[in-house]
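Biologist: Please take a close look at the metal site in this model and tell me how its surroundings are built. A plain account will do.

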Amino acid sequence: MNQTLEDTIIAVSTPAGPGGIGIIRLSGPEALPIARKIFSIRDRDPAASPRMMCFGYLHDPESGEVLDAGYLCYFPATHSYTREEVVELNLHGSPVLLAEAVKLGIKAGARLAHPGEFTLRAYLHGRIDIIQAEAINDLIRACSLDQARVSFRQLEGSLSRKMAAIREKVVELLSLVETSLEFAEEEPEVSPDQLRDTLDELITDLGKLVRSYEQGRAMLEGLSVAILGKTNVGKSTLFNALLEEERAIVTPYPGTTRDFIRENILLDGVLIKLVDMAGFGQAQHPVEEEGMVRGQRLAEKADGLLLVLDASRKETREDFQLLEKFGQKKMVLVFNKADLEPKINRDKILAASPGAPWVEVSALTGENLDELKKLMLRTFSPPAEKQEEIILHERQKTLVENMKQDLERARRLLEEGYGEELVAEAVREVLPAIGQLTGEVSSQEVLEEIFSRFCIGK
Ligand SMILES: Nc1nc2c(ncn2[C@@H]2O[C@H](COP(=O)(O)OP(=O)(O)OP(=O)(O)O)[C@@H](O)[C@H]2O)c(=O)[nH]1
Ligand SMILES: [Mg+2]
């Protein structure tokens, strides 16, 4: 990753493909002079009218050919996204035209931007911290409005402020400990109780943040839900019905599905990665057997399971084996084929999985599928504890977890009667982790990891 800030960078900032308008962005010391070379302004001087749309024409400076009409908007470094000179050209959203405009900009002295380089510059110039940079990308890629809300708040600095408050508390704690060290001979200024209370408060706060990651991950990545059951119970039919698309092959013969199929659905704004897979039972073929092995592995890793049972047949040993094997996971029991004469002993099944939510459906007719969807949401994505801040990234979670562990160690040392010096040392460990979290201290590796997830033009 190139981090020279002397270059002026250029990229298309609107998505690939035709659109109503297309925006080209330039950032760097030469943004306005370069833009002027390829865009002739007709109405006003952008330098005198910052952040105003200035009408003009895109042209090739060599041939003089006019290629498009549009607007130029100039953002002086004090008011720009990157805290550098920025120019945006609003042109017609034609991919070929936009590509040509970028080419002309490069000929005129700009360099093609790397993915996320505009945001990287905003970070390097100190306009945003790393948490906010991550939030910008999360907001752009949000797949539910709930996540977009969380990411926008973090972009506005909510999580950064939270970390600043934690840092302040840690510093306060350190000064408490140090005071008590200084005045050790006299009356101790700070009671161990007071230290313990402050430590506990911090540990609770950090613990909440760590726990919020489960919800955050579900928001960002979606929840994986595997459809599990014996062969021929109607898993693929149910998969298709939930997807509202004939995606998986359905036949009356057991052992139809072998490779697993994954598709996304949105339930009430929650992204669910639904997996259909081979049924459990007596394999007739080695391929089927391999499918079953893989299916079980997927089921073990899934965030939740739909255990499908054929209600039109008697329950069998395999049904109970599955219930036992996966009983510890979040699971909804689906009694399928409710349109047929019931043969299953439902009470016996329910007794084998006490407390498990269940529903009767017909995947074939669509009966009760709405009820199933509600139950899926309630079981797999319960409303989280009231939480102001949600952590969306593993990087952030790991750092917060480390901070919590350091404080817990300090708490133990205090409890075991070790001197304040040792306690202070453990508390002090927390500070670098906060720095890493907000990006005050950052390694090239971490920056690359974060910004490579961005698209070009952001
Ligand atoms: N009457 C009725 N038939 C159903 C229902 N759901 C599925 N079936 C039928 O049951 C048979 C098996 O359905 P699939 O969806 O292929 O079952 P599966 O569990 O995916 O089977 P495998 O992939 O072999 O494990 C097909 O003939 C379906 O039409 C239902 O709700 N009612
Ligand atoms: Mg199937």
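Modeller: Thr257 counts as buried because its relative accessibility is 12%, under the 20% cut-off. The model is a predicted one, and in it Thr257 (OG1) and Ser236 (OG) coordinate the magnesium ion (ligand 2) at 2.0 Å. These two residues are 21 apart and link distant parts of the chain. Ser236 belongs to helix 8 (residues 235–243), while Thr257 sits in the loop between helix 8 and strand 9 (261–267). Ser236 is buried as well, because its relative accessibility is 8%.

Strand 9, which follows that loop, leads into the sheet. Six strands make up this open sheet, in the order 9-10-8-11-12-13, with mixed pairing. Strand 9 and strand 13 (358–360) are its edges; each has a single partner strand, so one side of each lacks a neighbour in the sheet. On average, neighbouring strands are turned by 25 degrees against each other, direction ignored. Within the sheet, strand 8 (residues 223–229) and strand 10 (residues 270–276) run parallel and are joined by five bridges. Opposite Ile227 stands Asp276 in strand 10. Helix 10 (residues 317–326) lies across strand 8, strand 11 (304–310) and strand 12 (331–336), and runs at about 165 degrees to strand 11.

Next, the nonpolar packing. The largest nonpolar core has 32 residues, and those touching the most other members are Met163, Ile166, Leu209, Met403, Leu407 and Val427. Two or more residues each come from helix 6 (158–182), helix 7 (192–221), helix 13 (394–415), helix 14 (420–428) and helix 15 (430–438). Helix 7 gives the largest share, eight residues. Leaving aside residues up to four places away in sequence, Ile166 touches Leu202, Leu206, Leu209, Met403 and Ile434. Another core, of 29 residues, lies apart from it and includes Ala218, Ile261, Val359 and Met376. In soluble globular proteins, nonpolar side chains tend to be buried together.

One more buried element is helix 3 (residues 117–124): seven of its eight residues are buried, so the rest of the structure largely encloses this helix. Those buried residues are Glu117, Phe118, Thr119, Leu120, Arg121, Ala122 and Tyr123. They pack against strand 1 (9–12), strand 2 (19–27), strand 7 (111–112), helix 4 (130–141) and helix 16 (444–451). Just after helix 3, Gly126 has a positive phi of about 80 degrees.

Definitions and conventions:
Residues numbered from 1 in each chain as written. Chains lettered and ligands numbered in written order. Predicted model: local features only at pLDDT ≥ 70, side-chain atom pairs only at ≥ 80, totals over all residues. Heavy atoms only, no water. Donors = N, O, S within 2.8 Å, 3.2 Å for Na, K, Ca; no water. Helix = DSSP H or I, 4+ residues; strand = E, 2+ residues; numbered from the N terminus. Buried < 20%, exposed > 50% of the residue type's maximum accessible area, 1.4 Å probe, protein only. Core = buried A, V, L, I, M, F, W, Y, C linked by side-chain atoms within 4.5 Å. Contact = heavy atoms within 4.5 Å. Pairing = 2+ DSSP bridges. Axes fitted to C-alpha atoms, helices over the stretch in contact; angles between N-to-C directions.
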